[in-house]
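This report describes the domain arrangement, the strand core and the metal site of one protein. The account begins with a contact between charged side chains.

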Amino acid sequence: MNNFVFYSPTEFVFGKDTEKQVGALALKYGARRVMIVYGGGSAVRSGLLDRVKQALREAGLTFCEMGGVQPNPIDTKVYEGIDLCRREEVDMLLAVGGGSVIDTAKAIAAGVPYEGDFWDFYLGKAQVTKALKVAVVLTIPAAGSEGSGNTVITKVDGLQKLSLRAPMYLRPVFSIMNPELTYTLPPFQTACGVCDMMVHIFERYFTNTSDVEISDRMCEGVLTAIVKEAYRIRQNPQNYGARANLMWAGMVAHNGTCGVGCEEDWASHFLEHEVSALYNVAHGAGLAVIVPAWMTFMAENHPQKVAQLAARLFEVPVQEDLHEMALACVSRLKHFFRYMGLPVSFKELGIENPDIPLLVRKLHENKGPLVGNYVKLTPKDSEEIYQLAL
Ligand code: NZQ
Ligand code: ZN
């Protein structure tokens, strides 16, 4: 196990009706003027936004708001938010939504006190040293942004989708997680969330670091629970217990707990980010296409941990031929994704002829000559994985 620092100060307030506490919590964390950030309208239609505003008013807080954040959020909305926050002298961003909304709020939070262009942080040209506070009312378990210090934004000019890690400044101060808020999710969005959280665990599980038994077993345990709860939700979308477990799983999958002490991989995410940047597909659906292809490549090149996952998650009988076990893992995973209504190839994703040379070029321009750690992918390897996803 490697040395590590794990700092995760977010206060999670979990359960039914917890959004009513948003005003009291915002006060507790020192807010005076709040900006509510939300998406394309689901929080308006469900009445959640009104309840949040009411709770803020009852706490004596004033607020402004910015809606219209789209999935795969873009830089132009961040600039709009930074301007608004400065004009309105906001001191806390309250994201009401999923990963796209939270990531936009985080980008704004970092951008407001910074004199330069917020995109400098994503390019690695500047470090975040100050940020407004970010708080969350979560409506979809998926990206795990409610517990992570990360944000992912796409620059419209050049379709560059980049992530920024600044856990000391951008982890939400509090996240409200009411599983009932997820009842309104379309099944496809639930499925995308399931895939995304599973892959957040894979990125940590597929490591060459030795002596990571705790991480391995936590990863396998959370993955087993996710698959079980996903089946239950598919059968009954209003199953509170299943929704609650899935919501917590999404947080556990990505706040760092499952990967402490491990060298993490992240190649599948980077391969996918190019796909969602170029074709604007849902991140979780893109991952359902990329990950089986990545695992198939690993079956040939480094099957060990994929074989272990096959045995422990999908109960594939242990045998000497690790390649065979790894392929069995791919086949079971695809079966599960299909059951959830997810695509498992570019074709099923609606992209008949992906521009693979462009995907490969942008991936390695953005992420360097070698991508990932479990196997460090060269451009030729990346091309092969995109081909396997056809
Ligand atoms: O925009 P609205 O109308 O709210 O609709 C959203 C959106 O269309 C809808 N939705 C959310 N909650 C709902 C709901 N519909 C009905 N009822 C509800 N309760 O779901 C759609 C998807 O929302 P989005 O926020 O885009 O989903 P998700 O949480 O999957 O976030 C995806 C983004 O997060 C990034 C992804 O790349 C993508 O841009 N990621 C962020 C990470 C992070 N910050 O740590 C890590 C991830 O790996 C990921 O890359
Ligand atoms: Zn993800």
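## Domain contact, strand core and zinc site

Glu 264 and Arg 165 form a salt bridge, in which the closest N and O atoms are 3.7 Å apart. The model in which this pair is found is predicted. The count of salt bridges between domain 1 and domain 2 is one.

The protein is divided into domain 1, covering residues 11-181, and domain 2, covering residues 185-388. Their C-alpha centres lie 26 Å apart. To the contact, domain 1 contributes 30 residues and domain 2 contributes 28 residues. About 2400 Å² of area is buried between domain 1 and domain 2, and carbon and sulfur atoms give 60% of this area.

Attention now turns to the strands. The table lists three pairings.

| Strand | Partner | Sense | Bridges |
|---|---|---|---|
| S1 (residues 11-14) | S8 | parallel | four |
| S5 (residues 133-138) | S8 | parallel | four |
| S4 (residues 92-97) | S5 | parallel | six |

Strand S8 comprises residues 174-177 and is covered on both faces. In a regular strand the side chains alternate between the two faces of the sheet. In S8, Phe 174 and Ile 176 are buried on one side, while Ser 175 and Met 177 are buried on the other. Ile 176 of S8 stands opposite Val 13, and Ile 176 is also the bridge partner of Val 137. Ser 175, in turn, is the bridge partner of Val 136.

Strand S5 is mostly covered, with five of its six residues buried. Val 137 in S5 stands opposite Val 96, and Val 137 has Ile 176 as its bridge partner in S8.

The remaining topic is the metal site. Which residues supply the protein donors of the zinc ion (ligand 2)? They are Asp 196, through OD, and His 200, His 269 and His 283, each through NE2, at 2.0 to 2.2 Å from the ion. The spacing of these donor residues in sequence is D-x3-H-x68-H-x13-H. His 200 lies in helix H8 (residues 187-205) and His 283 in helix H12 (residues 283-301), so the pair ties together parts that are 83 residues apart in sequence. Are these two histidines, His 200 and His 283, buried or exposed? Both His 200 and His 283 are buried.

How values were computed:
Residues numbered from 1 in each chain as written. Chains lettered and ligands numbered in written order. Predicted model: local features only at pLDDT ≥ 70, side-chain atom pairs only at ≥ 80, totals over all residues. Heavy atoms only, no water. Donors = N, O, S within 2.8 Å, 3.2 Å for Na, K, Ca; no water. Helix = DSSP H or I, 4+ residues; strand = E, 2+ residues; numbered from the N terminus. Buried < 20%, exposed > 50% of the residue type's maximum accessible area, 1.4 Å probe, protein only. Pairing = 2+ DSSP bridges. Domains from an automatic or database assignment. Contact = heavy atoms within 4.5 Å. Buried area = accessible area lost by both parts, 1.4 Å probe. Salt bridge = Lys/Arg side-chain N within 4 Å of Asp/Glu carboxyl O.
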